[in-house]
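Subject: Structure for you to look at

Hello,

Here is the structure I promised you. Please open it and keep it beside this email as you read.

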Amino acid sequence: MYQVSTFSALSQGVYDGVSSVGTLKQYGNMGIGTFDALDGEMVCLDGQVYKVKVDGTIMAMGDEVTSPFAMVTFFDADQTKQLNNVNGLSNLTSLIDSVIPSNATMYAFKVHGNFSHVKTRSVPAQVKPYPVLADAVKNQSVFEDENVTGTIVGVRFPAYMDGVNVAGYHCHFISDDRQFGGHLLDCTMDNGTLVIDQTDRFTMVLPGSMQGVSAAKANSTVVSAIEQ
């Protein structure tokens, strides 16, 4: 897993882009994130990076566009499971919890299927001085659609990485026709396929430095914070 910045930094309003879409593509073909100034939701699927704008439209992004927070990986299927009658996002995450082998590592996953209902959001570009994330999302746009075929692109991080990323699940969505998507708030799925990629290696670049940080260094930072 290759990650740009930390969720703690994003939460505090660090929204300036530090890594280009072109760079992200060098490290993965699947992932999620946002764009410079918190301008919309990122979905990276099959090597193409899309922006879900605050008005709900979706654009394929060029390599020069930058991101302040993103995570990508070269997706390699380790587990596959057929799903039916998924009643809500919490039901979906519980199903994933029931099949993953360990809570102590990272996972990327995709769920492609037929959704009877999907609820998403996107956030507008912010203006400096940037507000903290909790205030920025107060101006989010919420979208809902029914009977849509598409893909959930998500990650699951272990509890000990909270702050480095979001502990637990973080999911985005994009429809097959590229007309609907965003940060996933809820969904109901008739049927689909879950594919999981287990990942035990982590590289991070920090805002302002663009220097690689190994998993060991990232973990030692978290441990130090806990010990204090």
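Below is what I found in it, topic by topic.

Keep in mind that this is a predicted model.

**Strands around strand 13**

Start with strand 13 (181-199). Strand 10 (106-122) runs antiparallel to strand 13, and 15 bridges join the two. One pair to look for is Phe109 with its partner Ile196 in strand 13. Strand 9 (79-87) also runs antiparallel to strand 13, with 8 bridges. Here Gln79 stands opposite Ile196. Strand 12 (168-175) is joined to strand 13 by 3 bridges, again antiparallel. In that pairing, Ile174 has Gly181 as its bridge partner. Strand 12 and strand 13 form a hairpin with 5 residues between the strands. Arg178 in this hairpin takes a positive phi near 60°.

**Helix 3**

Which residues of helix 3 are buried? They are Leu89, Leu92, Thr93 and Ile96. They sit on the same side of helix 3, because they cover an arc of only 95° around the axis. There is a general reason to expect such patterns: an α-helix has 3.6 residues a turn, so residues three or four places apart point the same way. On the other side of helix 3, Ser90 and Ser98 are exposed. What covers the buried residues? The cover includes strand 9, strand 10, strand 11, strand 12 and strand 13.

**Two nonpolar cores**

The largest nonpolar core has 30 residues. Met1, Tyr15, Leu38, Met71, Phe157 and Phe202 touch the most other members. Several elements supply at least two residues each: strand 3, strand 4, strand 5, strand 10, helix 4 and strand 11. Strand 11 gives the largest share, 3 residues. Take a closer look at Phe157. Beyond its neighbours within four places in sequence, Phe157 is in contact with Met1, Gln3, Met71, Met106, Asn165, Val166, Ala167, Gly168 and Phe202. Another core lies apart from the largest one. This other core has 22 residues, among them Leu89, Tyr107, Phe109 and Ile196.

**Salt bridges**

Side chains of opposite charge can pair when their charged atoms come close. How many salt bridges are there? The count comes to 6. Here are some of them.

- Lys128 pairs with Asp16, with the closest N and O atoms 3.1 Å apart. This pair links distant parts of the chain, 112 residues apart. Lys128 lies in the loop between strand 10 and helix 4, and Asp16 in the loop between helix 1 (7-11) and strand 2 (19-20). Lys128 counts as exposed, at 54% relative accessibility. Asp16 is partly exposed, at 33%.
- Lys51 pairs with Asp39 at 2.9 Å, N to O. Lys51 is in strand 5, Asp39 is in the loop between strand 3 and strand 4, and the two are 12 residues apart. Lys51 counts as buried, at 9% relative accessibility. Asp39 is partly exposed, at 24%.
- Asp97 pairs with Arg156, with the closest N and O atoms 3.0 Å apart. Asp97 is in helix 3 and Arg156 is in strand 11, 59 residues apart. Asp97 is partly exposed, at 36% relative accessibility. Arg156 is buried, at 10%.

**A buried lysine without a salt bridge**

Now find Lys110 in strand 10. Lys110 is buried yet has no salt bridge. Which side chain of opposite charge is nearest to Lys110? That is Asp46, 4.1 Å away. The cut-off for a salt bridge is within 4 Å, so this pair does not count as one. Leaving out residues up to four places away in sequence, Lys110 touches Met30, Leu45, Asp46, Phe75, Thr151, Ile152, Thr193, Leu194 and Val195.

**One loop residue**

Last, go to Ala125. Ala125 is found in the loop between strand 10 and helix 4 (133-136). Ala125 is partly exposed, with a relative accessible area of 42%. Outside its neighbours within four places in sequence, Ala125 is in contact with Ala37, Leu38 and Asp39. Ala125 and Val54 are 71 residues apart in sequence, but 8.3 Å apart in space, C-alpha to C-alpha.

Best wishes

Key
Residues are numbered from 1 along each chain as its sequence is written. This is a predicted model: local features need pLDDT of at least 70, side-chain atom pairs count only at pLDDT 80 or more; totals for chains, interfaces and linings use all residues. Side-chain values use heavy atoms; hydrogens and water are left out. Helices (H or I, at least four residues) and strands (E, at least two) are DSSP runs, numbered from the N terminus. Buried means under 20% relative accessible area, exposed over 50%, partly exposed in between (1.4 Å probe, protein chains only). Contact means heavy atoms within 4.5 Å. A nonpolar core is a set of buried Ala, Val, Leu, Ile, Met, Phe, Trp, Tyr and Cys residues joined through side-chain atoms within 4.5 Å. The arc is that of the directions from the helix axis to the C-beta atoms. Lys and Arg count as positive and Asp and Glu as negative; His and the chain ends are not counted. Two strands pair if DSSP finds at least two bridges between them.
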